[in-house]
Amino acid sequence: MTARSVHVAIETWPLANPFVISRGSKTEAGVVVATVREGAFHGRGECVPYQHYGETVGGVAAAIEKAGVPASRAELQTRLPAGAARNALDCALWDLDAKLSGSSVAALAGRTPMQPRQTCFTLSLGKPEDMAEAARSVPHLKLLKLKLGGAGDQDRMRAVRAARPDARLVADANEAWVPQSLEALLSVAADAGIDLIEQPLPAGQDGMLAEIKRSVPVCADESVHTSDDLAALTDRYDAINIKLDKAGGLTQALVMVARAQSLGLDIMAGCMVATSLAMAPAMLIAQAAKWVDLDGPLLLAHDRPHGLAINNGIVVPPGRELWG
């Protein structure tokens, strides 16, 4: 068997516009790319370190280099913990195994060929009138995701709905709501026809969700990382956001899909702001998702070669030149 090697690269991708959420703003996406080679073949995986959980691009790159190349994806699950570093290596191994076998990742995973899916387009946190104008500026996109931030969120939801009565809307509070205003804000969301609210309360402080009647479905994001977290969430959440960087790769994300479905939880396929290389593996999760949020490339000033085709919000599965 030809020896495998891994190469790690840190890349920076400028954004088309500043991206603002409740925890801060950014003007570029820092990603780490792992490339695993075996003979004439190579596989790639891209990850975005989570600053919220203490990850940095330098630390993640070093963790990948220290881990080396495991003999299999199964071995990788025990060699690295869930997180961005394992995600990059796991996705690179899926890509490499597909190329070595002459098959597709979908086939290797026992899935049918991937189909196009409609993705959310994210509106950065801002003044209600600015978010409404941003919503009006993309009339061809029919599924919008509002970034919320606490104070003033009722006005943001109302303003975007008034600006886009034709669009499906989801909203992401990024842990910014407080228990005192939770029910009132959920009521406004219901009146505004919001499909889903992501992570309204901070992770670990979300017990109130089990005590109230949720007038809008609520999705766990920061409260869920791997399949081990799911059973404890079923009383307070209606859906989970599966992100490969949190789960630690496609291998664990597929386990999460099966576990969530068995528990009656709906699925959102989510992402960090990154290039099409990071979105491509998540397209497999998107096949089982009720909501898809893989708009990372749309937020960049430019994407990498052979990037995903996204036409009027419809994401086409990746070509083999990109991944899988």
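How many nonpolar, polar and charged residues does the lining of the largest pocket have, by class? In this predicted model, the lining has 12 nonpolar, 10 polar and 13 charged residues.

## Largest pocket

The largest pocket holds about 750 Å³ of space. Its lining is made up of 35 residues, and those closest to the centre are Ile21, Lys26, Pro49, Gln51 and Met272.

Three strands each supply at least two residues of this lining: β1 (4-21), β2 (24-38) and β6 (143-147). The most comes from β2, with 7 residues.

## Second largest pocket

The second largest pocket has about 330 Å³ of space. It is lined by 19 residues, and Asn17, Pro18, Phe121, Thr122 and Ser124 are the ones nearest its centre. Two or more lining residues come from each of β1, β5 (121-123) and α5 (128-136). Strand β1 gives the most, with 6 residues.

By class, the lining of the second largest pocket divides into 13 nonpolar, 5 polar and 1 charged residues. Strand β1 thus appears in the linings of the largest pocket and of the second largest pocket.

## Enclosed cavity

Searching the whole structure gives 1 cavity of 30 Å³ or more. The volume of the largest cavity is about 70 Å³. Its lining consists of Glu46, Asn87, Lys243, Leu244, Asp245, Gly270, Cys271, Met272, Ala278, Met279 and Ala282. By class, 6 of these residues are nonpolar, 2 polar and 3 charged.

Helices α8 (244-247) and α10 each contribute at least two residues to the cavity lining. The largest share, 3 residues, is from α10. Met272 lines this cavity and is also among the residues closest to the centre of the largest pocket.

## Nonpolar cores

In soluble globular proteins, nonpolar side chains tend to be buried together. Here the largest nonpolar core contains 84 residues, and the members that touch the most others are Met157, Trp177 and Ile285. Helix α10 (residues 276-286) gives the most to this core, with 9 residues. A second core, separate from this one, has 18 residues, including Ala34, Ile64, Ala84 and Ala85.

Which residues does Trp177 touch, not counting residues up to four places away in sequence? Its contacts are Leu148, Gly150, Asp153, Met157, Leu182, Leu185, Leu186, Ile197, Pro200, Leu201 and Pro202. One of these partners, Met157, is itself among the three core members that touch the most others.

Helix α10 therefore recurs in two of the features described: it gives the most residues to the largest nonpolar core, and the largest share of the cavity lining comes from α10, as DSSP runs define the helices.

How values were computed
Residues are numbered from 1 along each chain as its sequence is written. This is a predicted model: local features need pLDDT of at least 70, side-chain atom pairs count only at pLDDT 80 or more; totals for chains, interfaces and linings use all residues. Side-chain values use heavy atoms; hydrogens and water are left out. A nonpolar core is a set of buried Ala, Val, Leu, Ile, Met, Phe, Trp, Tyr and Cys residues joined through side-chain atoms within 4.5 Å. Buried means under 20% relative accessible area, exposed over 50%, partly exposed in between (1.4 Å probe, protein chains only). Helices (H or I, at least four residues) and strands (E, at least two) are DSSP runs, numbered from the N terminus. Contact means heavy atoms within 4.5 Å. On a 1 Å grid over the protein atoms alone, a cavity is a set of points where a 1.4 Å probe fits but cannot get out, and a pocket is an open set with protein on both sides within 12 Å along at least five of seven lines; lining residues have an atom within 4 Å of a point. Grid points are joined across faces, edges and corners, and a volume is the space filled by probe spheres set on the points. Ala, Val, Leu, Ile, Met, Phe, Trp, Tyr, Cys and Pro count as nonpolar, Asp, Glu, Lys and Arg as charged, and the others, Gly among them, as polar.
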